[in-house]
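Here are some notes for a colleague opening this structure for the first time. Please read them with the coordinates in view, going point by point.

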Amino acid sequence: MLQVLKNTSTFTPSSHQAAIFHFVEQGRGSAIVEAVAGSGKSTTIKQCVLRIPVTKSIHIFAFNVIIAKEMREAIEKLGKETGRDMSRVRVTTFHSVGFSAICKRLNKKPDQVETDSSKVKKILQAQLSEADYDIYGAFCAKLVGLAKGQGFGALVPAGTQDWLDLIAHHDLFLDSEEASEELAVQFARAALRRSNELAQTGMLDFDDHLYIPLLWKLRLWQNDWVFIDEAQDTNPVRRAIATKALRSGGRLMAVGDRHQAIYGFTGASHDAMDLIKEAFNCAEFPLSVSYRCCRKVVELAQTLVPQIEAAENAVEGAVTHTTLKDALTRLSNKDAIMCRNTAPLIDLAFALVAQGRGCRVLGREIGANLVNLVKRQKAKGLQNLLDKLANYCEREVTKAISEGNEVRAEAIRDRVDCVKIVAEHLPENQKTVPALCLKIEGLFGEAGEADVLSLSTMHKLKGSEFERCAIYKPELCPSKSAKQEWQLQQEYNLLYVGYTRAKLELMMVSG
């Protein structure tokens, strides 16, 4: 069926986009699109949809719920503008597709299937003694989540060494000198087995939404075209879900930026784009023009990613090295200050509050992890806590360095420093462990919760953009602790992400 579309769009493609559209219309096979920061990848995906026959089924995988909602609304709007029937275009997260397949297998409605993010922690609490849970609980819960992301037992066999390799690759560390990684693996494997058993009853966690369809070898609705947004942040189970959603002979387009791959520590494959290219024998296309960043920011970004280009109409903008005092006069509450590490941001937050400048450190989960670190010390008073943290830091940093794991050592120092800074700023009449935990929780929040200046790690700001932003203590990135090649590359990727958050002005503020 030939559908006549209204010519209501004023969109004029760039030369890079025109090449991609020609491939969609006239080419064969699959492709990856290397899209630099601010290059209009979402617009490119939407315009690709318009160039695919309306009889073809299309599935667009978005990285999270917010991005999926925005893309879905944009596709619906585009359909109305052009008169195209978009009923065969689906936009979802990977998780929602997996969850739907699980519900269908269990013959249950979605509200009859429980998703509990603390499922594995509860399993560990039931399986371990109180003493063992205090030592191994958080570590093993993290390890099980990473194992699901790698498809252990579903995509790949998983012996003890595979689990130990996963620990080493992600620089996981145990907080207690009494702990053993081998014993942790035993606990984690038992927890994964029990988790899989509970899935049969309809009890899941969010990792299960991707993992269980692969473990159970479920069939997914298959499509003529599959698009993957933010492809550089995929892990093995996400890529497997996308593969299952593509019919035999179908075509795939993965859009992403290998230079924005910064989530290797969460389980994303640091070489995801290369893995997709190899698996699908992809043609490769660039989207090299940034429509977000001013010329000066692009020039700086080119020192890391030479192919990024400024748009023809981009303003000159500015990249400056300045003082904190000067930066604060130019940063509005809609702007942000970012840093490689968390501890300097907490120190900065107290300094700003003392000056009467409202601020919030982004990342509520960071605060929750710090509170967990405090509680695991089981300290009798604040001074006892600080003593225990000092001993813990010295012991674990020494151990990490002896194992050649500098990244782990830096992470330990950063976490302990965060707690110490908050403790130092407690009023004299509130120097207690409970008051410390409350203060930590109060420091962290999410963007948009209050009209105050955002302080954030570079990781947390990926996907955001600001008229003006500052990098605080730029000397901290790349981290000197990154020794493995993939870790060092992700550090430079992180710096590139930091540079390209700014639209008009980027300020470098040394500590």
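1. The model is a predicted one, and a convenient place to begin is a pair of helices, α6 and α7, which are roughly perpendicular to each other because the angle between them falls in the range of 65 to 115 degrees. That angle is about 105°, and the axes of α6 and α7 (residues 160-169) are 11 Å apart. On the α6 side the contact is made by Phe139, Leu143, Leu146, Ala147 and Gln150, which meet Trp163, Leu166 and Ile167 of α7. Sorted by class, this contact of α6 with α7 comprises 7 nonpolar residues and 1 polar residue, with no charged residues.

2. Helix α6 (130-150) also takes part in the second largest pocket, where α6 and α16 (382-402) each supply at least two residues of the lining. The pocket holds about 360 Å³ of space, and 14 residues line it, with Ile135, Asp175, Ser176, Arg376 and Gln377 lying nearest its centre. Which helix gives the most to this lining? It is α16, which contributes 4 residues. The lining of this pocket, taken by class, has 8 charged residues, alongside 3 polar and 3 nonpolar ones.

3. Turning to the sheets, one of them is open and has 6 strands, paired in parallel and arranged in the order β3-β2-β6-β7-β1-β8. Its edges are formed by β3 (89-93) and β8 (283-287), each of which has a single partner strand, so one side of each is left without a neighbour in the sheet. Between neighbouring strands of this sheet the turn is 20° on average, with direction ignored.

4. Within that sheet, strand β2 (residues 58-62) runs parallel to strand β6 (residues 223-228), and 4 bridges join the two. As a point to locate in this pairing, histidine 59 stands opposite valine 226 in β6. Helix α3 (residues 65-82) lies across β2 and β3, and the direction of α3 makes an angle of about 165° with β3; α3 and β3 are therefore roughly antiparallel, since that term covers angles over 145 degrees.

5. Another open sheet has 7 strands, again with parallel pairing, in the order β11-β17-β16-β12-β15-β13-β14. Here β11 (318-322) and β14 (444-445) stand at the edges, and because each has a single partner strand, one side of each lacks a neighbour in the sheet. Strands β13 (residues 359-362) and β15 (residues 453-457) pair in the parallel sense over 3 bridges, and arginine 360 has serine 454 in β15 as its bridge partner.

6. Helix α19 (residues 485-499) lies across three strands of the 7-stranded sheet, namely β12 (336-339), β16 (466-472) and β17 (502-509), and runs at about 120° to β17. The loop between β16 and α19 contains proline 478, which is joined to cysteine 477 by a cis peptide bond with an omega of about 5°.

7. Two backbone details deserve a careful look, given that most residues other than glycine have a negative phi and most peptide bonds are trans. One is the cis bond between cysteine 477 and proline 478 already mentioned. The other is asparagine 107, which is not a glycine and yet has a positive phi of about 55°; asparagine 107 belongs to the loop between α4 (94-106) and β4 (114-115).

Notes:
Residues are numbered from 1 along each chain as its sequence is written. This is a predicted model: local features need pLDDT of at least 70, side-chain atom pairs count only at pLDDT 80 or more; totals for chains, interfaces and linings use all residues. Side-chain values use heavy atoms; hydrogens and water are left out. Two strands pair if DSSP finds at least two bridges between them. Contact means heavy atoms within 4.5 Å. Axes are lines fitted to C-alpha atoms, for helices over the stretch in contact, and angles run from 0 to 180 degrees between N-to-C directions. On a 1 Å grid over the protein atoms alone, a cavity is a set of points where a 1.4 Å probe fits but cannot get out, and a pocket is an open set with protein on both sides within 12 Å along at least five of seven lines; lining residues have an atom within 4 Å of a point. Grid points are joined across faces, edges and corners, and a volume is the space filled by probe spheres set on the points. Ala, Val, Leu, Ile, Met, Phe, Trp, Tyr, Cys and Pro count as nonpolar, Asp, Glu, Lys and Arg as charged, and the others, Gly among them, as polar. Angles under 35 degrees count as roughly parallel, over 145 as roughly antiparallel, 65 to 115 as roughly perpendicular and the rest as oblique.
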